[in-house]
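Biologist: I should like a close look at a single part of this protein, set in the context of the whole chain. Please begin with one residue and its surroundings, and then work outwards.

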Amino acid sequence: MSLANCLEARGLNDHLRPGLKALGAHRVRVEVARPRRAAHSVALDEALEADLPNAHRWDYGIDLTATGGAHVAWVEVHTATSSEVETVLRKLAWLKQWLAEEHDACAKVGRSFHWVATDAGVHIDSARRRRLAAAGLRMPQSRLRL
């Protein structure tokens, strides 16, 4: 299974872009050790905006191919301050629910979740760092290396 299978099952395959192209200007924030591994990407927020305008949509998905099979890195580019932790956690909860909804193609894809900080840097207090860890989300990074 892959990101392409997941999007096709949901009628979103028109939003699939080669490599990291779906990330637009945010491409500079993501580095893939072996660029050919990044087969496809999707701007999920943009793809679902019309259908789910009030949802806490996650930003991007990146399809990473590897010897062990496909893996999708789900990436949120967002201000990394203590006051934004709850917003990102709501987005993460929404994404996990969206991935689990009725479509096996999305649920079977290996995945990881990443928060990439905007230019303002990372300023998160220890209590909120613990909340991130409890939700399975690492501290935001200014540059994501996959």
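**His-114 and its surroundings**

Modeller: In this predicted model, His-114 touches Trp-58, Ala-73, Trp-74, Val-75, Glu-76, Leu-137, Arg-138, Leu-144 and Leu-146, once residues up to four places away in sequence are set aside. The residue itself belongs to strand E6, which covers residues 110–123. With a relative accessible area of 8%, His-114 falls under the 20% limit and therefore counts as buried. Its side chain also has a polar partner: the side chain of Ser-112, at 2.7 Å.

Several of the residues touched by His-114, namely Ala-73, Trp-74, Val-75 and Glu-76, fall within strand E5, which spans residues 69–81. At the end of that range is Thr-81, a member of E5. Apart from its neighbours within four places in sequence, Thr-81 is in contact with Trp-115, His-123 and Ile-124. The C-alpha atoms of Thr-81 and Ile-124 are 5.0 Å apart in space, although 43 residues separate the two in sequence. The side chain of Thr-81 also forms a polar contact of 3.1 Å with the side chain of Ser-83.

On the other side of Ile-124 in sequence comes helix H5, made up of residues 126–134. Asp-125 caps the N-terminal end of this helix, placing a side-chain oxygen 3.3 Å from the backbone nitrogen of Ala-127. Just after H5, Gly-136 adopts a positive phi of about 85 degrees. Leu-137 and Arg-138, which follow in the numbering, are among the residues that His-114 touches.

Before E6 in sequence lies a loop that runs from helix H4 (104–107) to that strand, and Val-109 is found in it. Val-109 is buried, at a relative accessible area of 7%. Its C-alpha atom is 7.4 Å from that of Leu-3, a residue 106 positions away in sequence.

Leu-3 leads to a further buried site, since it is one of the residues in contact with Ser-41. Ser-41 sits in strand E3 (residues 38–43) and has a relative accessible area of 0%, so it is buried. Its side chain reaches the backbone nitrogen of Ala-22 at 3.1 Å. Beyond its neighbours within four places in sequence, the contacts of Ser-41 include His-15, Leu-16, Arg-17, Pro-18, Gly-19, Leu-20, Lys-21, Ala-22 and Leu-23, together with Gly-61 and Ile-62.

These sites belong to a chain with 5 helices and 7 strands, which follow one another from the N terminus as α-β-β-β-α-β-β-α-α-β-α-β. The radius of gyration is 15 Å, close to the 15 Å that the globule rule gives for 146 residues, so the chain is as compact as a globular protein of that length. Along the principal axes, its C-alpha atoms fill a box of roughly 40 × 35 × 25 Å. Of the contacts with a separation of 6 or more, 64% join residues 24 or more positions apart; the contact between Thr-81 and Ile-124, 43 residues apart, is one that spans such a distance.

Buried residues make up 45% of the 146 in the chain, with His-114, Val-109 and Ser-41 among them. The chain exposes about 7,600 Å², of which carbon and sulfur atoms supply 47%. As for charge, the mean positions of the 21 positive and 17 negative charges are 8 Å apart.

Key: Residues numbered from 1 in each chain as written. Predicted model: local features only at pLDDT ≥ 70, side-chain atom pairs only at ≥ 80, totals over all residues. Heavy atoms only, no water. Helix = DSSP H or I, 4+ residues; strand = E, 2+ residues; numbered from the N terminus. Buried < 20%, exposed > 50% of the residue type's maximum accessible area, 1.4 Å probe, protein only. Polar contact = N/O pair within 3.5 Å; in protein donor to acceptor, adjacent residues only side chain to side chain. Contact = heavy atoms within 4.5 Å. Rg over C-alpha atoms; globule rule 2.2 N^0.38 Å. Areas by Shrake-Rupley, 256 points an atom, 1.4 Å probe, with all protein chains shown as cover. Lys, Arg positive; Asp, Glu negative; His and termini not counted. Charge placed at Lys NZ, Arg CZ, Asp CG, Glu CD.
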